Amino acid sequence: MSDLSSHQQPSQLVRAIGIAIVVVVVQALVIPMFAAPAANLAPRNLPIVIAGQPQATAALTAALERAQPGAFRISQVPDAAAADQLLRDREAYAAAVVEPRGASLHTAPGASPAVAALLVQASTNLSGGRPVPVVEVVPADPDDPRGAGFAAGFLPLALTGMIAGIALALLIHNRAARLVGLVIFGLVAGLAGAGVLQLWLGLLPGDYLLNAGAIGLFATATSATLAGLGAVLGRAGIILGVVGVFLVGNPLSGVASAPELLPQPWGTVGQYLPPGAGATLLRSTAFFDG
């Protein structure tokens, strides 16, 4: 008995050391996944509009392209009304409007408060430090002007979706029952999530049922990804799903900034994963009438 115990102790010790080393390696990989995108936020092919007479818009376009090559994808329109419509259609994040009485900046903080703040600062720099009049065409929620509540409230939706998917994969072995569980979870998660974020905390404007539908689709996509991978690949599939949805999808979602501010092509990749697609859809239903 003592010989058996003495053999087990080194085995347990090696296993404990191995676990510690593996977790530290994972930590070393996870930190840059979250920190690097946040530390390298900058406009990259960010869609904006310049409105006004052709001569004035051409001069401003050339100045922006010289100042920050590749930072903006610029469209030119004849007047402020056309520019504002592009903002409402979510075709651009902001518009520089050049009129005889002066220039102004039209923004859509509902699409991204971070981008709106960045462009306000950039317009001040271009005007020699003088403040430029700002018109918020699509404002952020008045109870969440910086979008911090929106971003913070989105993470629990991803976590609960993963938990539901993992539980269904491990505990429910009947395929039909698993599908019913996914559908019921998506419906209830959408109604409850929108109820908390919109009706209780007041962090979302717009139509409640549209927002609930967006959250429900995101919840279903997240849980179905984990449940499907778990059903096909077992525990390895669950680990793969957690890596894809949380460790990769969450930092690349652009939920606290915008996909066009993230290093490319990662900002685009993030929009093909549930967190990025879900955040974009929820902003569309909440701030842009779907």
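This is a short dialogue on reading the sheet and a helix pair in a predicted model.

Trainee: Let's start with the sheet. What is the strand order, and which kind of pairing does the sheet have?

Mentor: In general, strands of a sheet pair through backbone hydrogen bonds, either parallel or antiparallel. Here you have an open sheet of five strands in the order 2-1-3-4-5, and the pairing is mixed.

Trainee: Which strands are the edge strands?

Mentor: Strand 2 (72-77) and strand 5 (134-136), each pairing on one side only. Ignoring direction, neighbouring strands of the sheet are turned by 25° against each other on average.

Trainee: How many bridges join strand 1 to strand 3?

Mentor: Four, and strand 1 (residues 46-51) runs parallel to strand 3 (residues 94-99). To find your place there, look for Ile48, which stands opposite Ala94 in strand 3.

Trainee: And which strands do helix 2 and helix 3 lie across?

Mentor: Helix 2 (residues 54-67) lies across strands 1, 2 and 3, at about 175° to strand 2. Helix 3 (residues 80-88) lies across strands 1, 2, 3 and 4 (102-107), and runs at about 175° to strand 3.

Trainee: Now the helix pair. At what angle do helix 7 and helix 8 pack?

Mentor: Helix 7 (residues 208-233) and helix 8 (residues 235-248) pack at about 150°, with axes 6 Å apart. Angles over 145 degrees count as roughly antiparallel, so helix 7 is roughly antiparallel to helix 8. Their crossing is right-handed.

Trainee: Which residues meet there?

Mentor: From helix 7, they include Leu226, Leu229 and Gly230; from helix 8, Ala236, Ile238 and Val242 are among them. The contact residues divide into eight nonpolar, five polar and one charged.

Technical notes:
Residues are numbered from 1 along each chain as its sequence is written. This is a predicted model: local features need pLDDT of at least 70, side-chain atom pairs count only at pLDDT 80 or more; totals for chains, interfaces and linings use all residues. Side-chain values use heavy atoms; hydrogens and water are left out. Axes are lines fitted to C-alpha atoms, for helices over the stretch in contact, and angles run from 0 to 180 degrees between N-to-C directions. Helices (H or I, at least four residues) and strands (E, at least two) are DSSP runs, numbered from the N terminus. Angles under 35 degrees count as roughly parallel, over 145 as roughly antiparallel, 65 to 115 as roughly perpendicular and the rest as oblique. A crossing is left-handed if the near helix is turned anticlockwise from the far one by less than a right angle, and right-handed if clockwise. Contact means heavy atoms within 4.5 Å. Ala, Val, Leu, Ile, Met, Phe, Trp, Tyr, Cys and Pro count as nonpolar, Asp, Glu, Lys and Arg as charged, and the others, Gly among them, as polar. Two strands pair if DSSP finds at least two bridges between them.
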